[in-house]
Amino acid sequence: MGVAERVDEVVRAGRAPQLHGLVVMRGGRVEVERYGAGRDHHLGEDLGHVVFGRDTLHDLRSVSKSVVALVYGVALGEGLVPGPGESLVGQFPEYRDLGADPERGRLTVEHALTMTLGLEWDESLPYTDPANGEIAMELAPDRYRHVLGRPIVEAPGERWNYCGGASALIGAIIARGTGRPLEEYAAERLFKPLGISRYAWGKGSDGVAAAASGLRLRPVDLAAIGQLVLDGGRDIVPGAWIQEMSRPRVVIEDGFEYGYQWYLSTGERRWAEGIGNGGQRLLVVPEEGLVVAVTAGEYDQAHSSAGAVLDAVLDR
């Protein structure tokens, strides 16, 4: 049974009830493309019942983080942003009090890229809860001071702790270094070279693009970004950065690690993946020449249409 047949069987059996979009690419060509229908949301705003098609934009949620890592790599290649080893707090000189703290002075840009800041942060609560770390950041008068000023709970670099605030800091570094809003620089240096002309990027109340979760793309364009990673950057993103970004940096659990804003499998079947709330996935399997982009509508839910579809694609 082929990939398309396995996917269709999963859908017919009702095992992927909230699948909104699927694009499977192998060898650089689209092998399977499927769209569904269902209730959707944009960062908490109810969009009602949506019939999805090739040209329908969809929330990527935290897959946005993985895209931001690519944009950072482009800016780094142009010499516009500090390298991973540079001081993190030093990129925000307006916070002199925080910069004077020797413990915070140990933080580097790499600690943000790997989510190993050692700061108090909890995103285990629903994203409708103001106590959730990312929501609290969005509600704060100054998101960057809020993140950098969190209590220190452990030494940086020792433990992975999921943190949308880390991604927000990377987004700010890109905007400051390039002198352009994150979404404008991303559109010019990443999206346009890939032929991506349709996108949206949700913003906070301060008018700043939400680097951690705000990007909206068509699934076929998300797959194109995955293909770019598979192809080693194609002179759009420096190849050296793709390698660095995809190198395991910190263990999440056995066989599952984290690079620079990308999840990495270090088991027998190696892959890199962006993962977002609700079933948003971008999977890149280099040894198989495979890219899979999935969008779904199970926000803050345990069931995963994306998981069922990926199992079918990977035949596992």
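Begin by selecting strands E5, E7 and E6, which form an open three-stranded sheet in that order with antiparallel pairing. Strand E5 covers residues 58-59 and strand E6 covers residues 200-201; both stand at the edges with a single partner strand each, so one side of each has no neighbour in the sheet. The model on display is a predicted one.

Stay with this sheet and add strand E7, residues 215-217, to the selection of E5. Two bridges join E5 to E7, and the two strands run antiparallel. To find one of the pairings, display Asp59: its bridge partner in E7 is Arg216.

**The hairpin of E3 and E4**

Next, select residues 37-42, strand E3, together with residues 45-51, strand E4. These strands run antiparallel and are joined by six bridges. Ala37 is a convenient residue to label, as its bridge partner in E4 is Val51. Moving to the turn, one finds two residues between the strands of this hairpin, and Leu43 in the turn has a positive phi of about 45 degrees.

**Helix H8 and its surroundings**

Now select helix H8, residues 182-191. Is this helix mostly covered or mostly uncovered? H8 is mostly covered, with seven of its ten residues buried. The buried residues are Leu182, Glu183, Tyr185, Ala186, Ala187, Leu190 and Phe191. To see what lies over them, display H2, helix H7 (164-178), E6, E7 and helix H9 (219-230), which are included in the cover of the buried residues of H8. Two strands of the opening sheet, E6 and E7, thus reappear here.

Among these elements, keep helix H2, residues 63-77, on screen with H8. Two packed helices are described by the angle between their axes and the distance between the axes. Here the axes come within 10 Å and cross at roughly 75 degrees. An angle of 65 to 115 degrees counts as roughly perpendicular, and H2 and H8 are therefore roughly perpendicular to each other. For the contact itself, show the side chains of Val67, Val68, Leu70, Val71, Val74 and Ala75 in H2, which meet Leu182, Tyr185, Ala186, Arg189, Leu190 and Phe191 in H8. By class, this contact has eleven nonpolar residues, one charged residue and no polar residues.

**Thr108 in its loop**

Move on to Thr108, in the loop between helix H3 (96-99) and helix H4 (109-113). Is this residue buried or exposed? Its relative accessibility is 16%, and because buried means under 20%, Thr108 counts as buried. Select its contacts outside the neighbours within four places in sequence: Pro84, Gly85, Glu86, Ser87 and Leu88. For a distance across the model, pick the C-alpha atoms of Thr108 and Glu134, which are 20 Å apart in space and 26 residues apart in sequence.

**Two aspartates with positive phi**

Select Asp235 in the loop between H9 and helix H10 (239-245). Asp235 is not a glycine, yet has a positive phi of about 65 degrees. With 82% relative accessibility, Asp235 counts as exposed.

The last stop is Asp315, in the segment after helix H11 (305-314). Phi of Asp315 is near 55 degrees, again a positive value in a residue other than glycine. Asp315 is exposed, with a relative accessible area of 56%.

Technical notes: Residues numbered from 1 in each chain as written. Predicted model: local features only at pLDDT ≥ 70, side-chain atom pairs only at ≥ 80, totals over all residues. Heavy atoms only, no water. Axes fitted to C-alpha atoms, helices over the stretch in contact; angles between N-to-C directions. Helix = DSSP H or I, 4+ residues; strand = E, 2+ residues; numbered from the N terminus. Parallel < 35°, antiparallel > 145°, perpendicular 65-115°, else oblique. Contact = heavy atoms within 4.5 Å. Nonpolar A, V, L, I, M, F, W, Y, C, P; charged D, E, K, R; others polar. Buried < 20%, exposed > 50% of the residue type's maximum accessible area, 1.4 Å probe, protein only. Pairing = 2+ DSSP bridges.
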